[in-house]
Amino acid sequence: MGLINNIKDTALIFEGGGMRASYTAGFLNNLLENEMFFDYVTGISAGASHSINYLSRDIERAKRSFVDLVLDSRFGGWESFFKGEGFFCSQYIYEETSYPDAVLPLDFETFMANPAKLRIGAFERSSGEMIYFSKEDIHEMKDLMKIVRASSSMPIFMPPTYFREHYFVDGGLGGGIALDIAKRDGLKQFFVVLTRPKGYRKKPLKFTRAIKAYYRKYPHVVEAMCKRYLIYNQILEELQELECEGKAFLVYPDVMPVSSREINYQKLVASYELGYAQGKRDLPRWKEFLGIE
């Protein structure tokens, strides 16, 4: 297909955040509409979905994944949660919607043809390791969607994902912003799409006793959940230092009108439109940082 990427040696990093990604889908679509194609993309949780939509260059799917899909009766909710399928019905969302005749088809051919490097992070439940998958781990659509599901399996609210003899939970447990793997892969410059407004810092987890009881067989999950706020805040501090050095551009939402578990369609539409309008406004600053005319 001969896809070409015009932004070299800068990592595009998509933060997770559940349905807050409705807002950042508006940022993503400004990148695509303006043909700003990075050759290195990484994401965790909802950021994993953004990554594959970006690499398949699918403006429509980028929006529909975090807005229109909530209208599907199989998407989730409390009824789905109490059935054990998850507040977000992850098997359906990630493993059944992406095929050509399904409700959210993914252009797998374009995705695979894109020469950009991809990294998707997920948390291995038993070892406590962050595993970063790449294109080399993907041979068919089924592999890709299992990996995205693994990265996105929110603790408690979604069941873990079984993939290649391992159980995974949400990659957000490792911090939620994949700066570590981008640095490990040798990147020196970073364009980071965040899902919290500037100045936000995560607070310590409440209900730790309940978490310890729920995950009593998986101490690494408990430890990661309890320490996550520290790691997340440290990553933000490092990103701000990189920004001061001119090595990072941090795209913060002006506001965040929805929670990670929002399922109200009208609120998600409004969230996307706010993100899209902000992206359009801020585009000249993005281009300046990236050296694009």
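This tour proceeds through a predicted model, one selection at a time.

**Strands β1 and β2**

Begin by selecting strand β1 (residues 10-14) together with β2; the two pair in the parallel sense over three bridges. To locate the register, pick L12, whose bridge partner in β2 is V41. Next, isolate β2 itself, residues 40-44, where five of the five residues are buried. Display the side chains of this strand. In a regular strand the side chains alternate between the two faces of the sheet. In β2, Y40, T42 and I44 point one way, whereas V41 and G43 point the other way, and all are buried.

**Helix α2**

Move along the chain to helix α2, residues 46-55. Because 10 of its 10 residues are buried, the helix is largely enclosed by the rest of the structure. Among the buried residues to label are H50, N53 and Y54. After α2 comes R57, which has a positive phi near 55°.

**Aromatic contacts**

Now show the aromatic side chains; across the whole structure, 24 aromatic pairs are found. One pair to centre in the view is F75 with F88, an edge-to-face arrangement with 5.5 Å centre to centre and 75° between the planes. F75 belongs to the loop between α3 (59-64) and α4 (78-82), while F88 belongs to the loop between α4 and α5 (90-95), so the pair ties together parts that are 13 residues apart in sequence. Both F75 and F88 are buried.

Then select F14, Y23, F27, F38, Y54, F191, F249, W286 and F289, which form one aromatic cluster. Two of the members have appeared within elements already visited: F14 falls in the range of β1, residues 10-14, and Y54 is one of the buried residues of α2.

**Strands β3, β5 and β6**

Turn to strand β6, residues 166-169, and add strand β3, residues 117-124: they run antiparallel and are joined by two bridges. One contact to label is F123, whose bridge partner in β6 is V169. Strand β5, residues 161-163, also pairs with β6, in the antiparallel sense and over three bridges. Here T161 has F168 of β6 as its bridge partner. What lies between β5 and β6 in their hairpin? Two residues separate the strands, and R164 takes a positive phi near 50°.

**Charges over rings**

Select R196 and Y200 next. The charged end of R196 sits over the ring of Y200, 4.2 Å from the ring centre. A further example is K202, which lies over the face of Y232 at 4.7 Å from the ring centre.

**The largest pocket**

Keep K202 selected and switch on a pocket display. Rolling a probe the size of a water molecule over the atoms shows where empty space is left. The largest pocket has a volume of about 1000 Å³. Which of its 36 lining residues are the closest to its centre? They are K202, L205, R228, S260 and R261. The elements that give two or more residues to this lining are α9 (208-214) and α10 (219-244). Of these, α10 supplies the largest share, four residues. Colour the lining by residue class to finish: 18 residues are nonpolar, eight are polar and 10 are charged.

Key
Residues numbered from 1 in each chain as written. Predicted model: local features only at pLDDT ≥ 70, side-chain atom pairs only at ≥ 80, totals over all residues. Heavy atoms only, no water. Pairing = 2+ DSSP bridges. 1 Å grid on protein atoms, 1.4 Å probe; cavity = no way out; pocket = protein on both sides within 12 Å on 5 of 7 lines; lining within 4 Å. Points joined across faces, edges and corners; volume = space filled by probe spheres on them. Nonpolar A, V, L, I, M, F, W, Y, C, P; charged D, E, K, R; others polar. Phe/Tyr/Trp six-rings, centres within 6.5 Å; stacked < 30°, edge-to-face > 60°. Buried < 20%, exposed > 50% of the residue type's maximum accessible area, 1.4 Å probe, protein only. Lys NZ or Arg CZ within 6 Å of the ring centre and 35° of its normal.
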